[in-house]
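Biologist: I'm new to this one and would like to learn how to read it. Could you walk me through it, feature by feature?

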Amino acid sequence: MADLYPLVRKILFSLDAETAHHATLTGMKVADGLGVLGCLTGRCKSGYDSESAVEVMGLTFPNRVGLAAGLDKKGEAVSAFGSLGFGHVEIGTVTPRPQPGNEKPRLFRLKQHEAIINRMGFNNPGIEGMLENLTRSRKGFSGVLGINIGKNFDTPNEDFLDDYLACFEGVYGQADYITANLSSPNTKGLRDLQSADTCCTLIERLQEKRAEIQDSHGGKKVPIVIKIAPDLADDAIKALAAVFSETGVDGVITTNTTIERDAVAGHPRAEEAGGLSGAPLTEHSTQILALLRSEMEDSIPIIGSGGVMSAADARAKFDAGAALVQVYTGLVYHGPALVREIAEMD
Ligand SMILES: Cc1cc2nc3c(=O)[nH]c(=O)nc-3n(C[C@H](O)[C@H](O)[C@H](O)COP(=O)(O)O)c2cc1C
């Protein structure tokens, strides 16, 4: 079937970015409910090819490409993203209590750069709302489900542990892995939690909590993943690599969006506050991945996120040491064909 995405993109790009986002999710959910989403997007089969499967963090991922956090913030379209071919879907960021996020407009396309700037600010339905959505949305999904957790915007930084622990415990039963997001630029003070000491405390407390609640979940040991920013100095990355190695965290995601704007300087939207994603982030994010890979214990896997806009970009991340990759902005610009291309890579 011909790739319909160029036409779909034309229509979506004629809408304001956030309206297009909601229209896409609604359309996907309807098409998936009717069982035609896969076929409409060029993937006329259900399930995954067994030869693409990889073992990471003790889990079997059906392939090496996943959906990055932030696209399905509410956990409302998990099986729909599975139908596009994603082997794993990371939902969230979820916070303990629901919150509306920042004022609109808060999402901008920088089309000629194949980039997005967002300052969404963790708009999400809270733990309860997300769990309710999941009862419907993950039906039929046979991939790996990651749940990305954070803190409410009005929780003071000194109380951050309360929020992460509440989210961790709240979503534990539904998650295949849990990511602690310490790297969104849109929640004041969040990135300060990436200091080596604070990050070490967080990992240890999450590990203690896991040991405490594991038995009541049939012995299920959910991997703990930390997601970091690309805007860290080399020394900070090295200090974090030491913390990751010493604590034996289960995985790391490099990277979230950047607050750098050099690559898009001069664009009318370049100075919008928020995080920049997509093509301008590709190379830098891969460099951070490579540095972390060289500094951290080999057994801890890295998930590469940041400007995967083509199979070649995914290849560069695998070559730099990624076990898996995730895509967000690449899906907006290139559509589901990108997911298939990466999933089918050798
Ligand atoms: C609109 C938007 C919202 C996002 N929201 C989140 C989020 O809630 N939590 C998170 O960990 N990352 C979030 N991200 C970051 C992505 O998960 C990803 O790490 C980043 O965009 C880099 O990948 P990309 O270049 O493929 O988009 C968001 C990104 C975008 C574009």
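**Reading the cysteines and the fold**

Modeller: Let's start with one residue: Cys44 counts as exposed, because its relative accessibility is 54% and the cut-off for exposed is over 50%. Keep in mind that this is a predicted model.

Biologist: Which cysteine does Cys44 form a disulfide with?

Modeller: To spot a disulfide, look for a pair of cysteine sulfur atoms within 2.5 Å. Here Cys44 pairs with Cys39, and their sulfur atoms are 2.1 Å apart. The link of Cys39 and Cys44 is right-handed, with 120° about the S-S bond. Cys39 itself is partly exposed, with a relative accessible area of 36%.

Biologist: And how many disulfides does a search of the whole structure find?

Modeller: Just one. Cys167, for instance, is in no disulfide: the nearest cysteine sulfur belongs to Cys199 and is 16 Å away.

Biologist: Is Cys167 buried or exposed?

Modeller: Buried means under 20% relative accessible area. Cys167 has 0% relative accessibility, so it counts as buried. Cys199 is buried too, with a relative accessible area of 1%.

Biologist: Why is the sulfur of Cys199 not in a bond with the one in Cys200?

Modeller: Distance again. The sulfur in Cys200 is the closest cysteine sulfur to that of Cys199, but at 7.6 Å it is too far for a bond.

Biologist: Let's turn to the surface. Which residues make the nonpolar surface patch?

Modeller: For a patch like this, look for nonpolar side chains that are open to the outside and lie within 5 Å of one another. Here Leu4, Val8, Val30, Leu34, Val36 and Leu40 make a patch of about 490 Å². Take Leu34 as one of them: Leu34 sits in the loop between helix 2 (17-33) and helix 3 (37-40). With a relative accessible area of 65%, Leu34 is exposed.

Biologist: Now the whole chain. How does its radius of gyration fit with a compact globule?

Modeller: The idea is to set the chain's value beside the one for a globule with as many residues. For 346 residues, a compact globule would be near 20 Å, and the protein chain has 19 Å, so the two agree. The C-alpha trace spans about 50 × 50 × 40 Å along its principal axes. Within the chain there are 12 helices and 13 strands, and 58% of the 346 residues count as buried.

Biologist: What about contacts along the sequence?

Modeller: Take contacts between residues at least 6 apart in sequence: 73% of them join residues at least 24 apart.

Methods: Residues numbered from 1 in each chain as written. Predicted model: local features only at pLDDT ≥ 70, side-chain atom pairs only at ≥ 80, totals over all residues. Heavy atoms only, no water. Patch = residues over 30% accessible without salt bridge, like charges linked within 9 Å, V, L, I, M, F, W, Y side chains within 5 Å. Areas by Shrake-Rupley, 256 points an atom, 1.4 Å probe, with all protein chains shown as cover. Salt bridge = Lys/Arg side-chain N within 4 Å of Asp/Glu carboxyl O. Helix = DSSP H or I, 4+ residues; strand = E, 2+ residues; numbered from the N terminus. Buried < 20%, exposed > 50% of the residue type's maximum accessible area, 1.4 Å probe, protein only. Rg over C-alpha atoms; globule rule 2.2 N^0.38 Å. Contact = heavy atoms within 4.5 Å.
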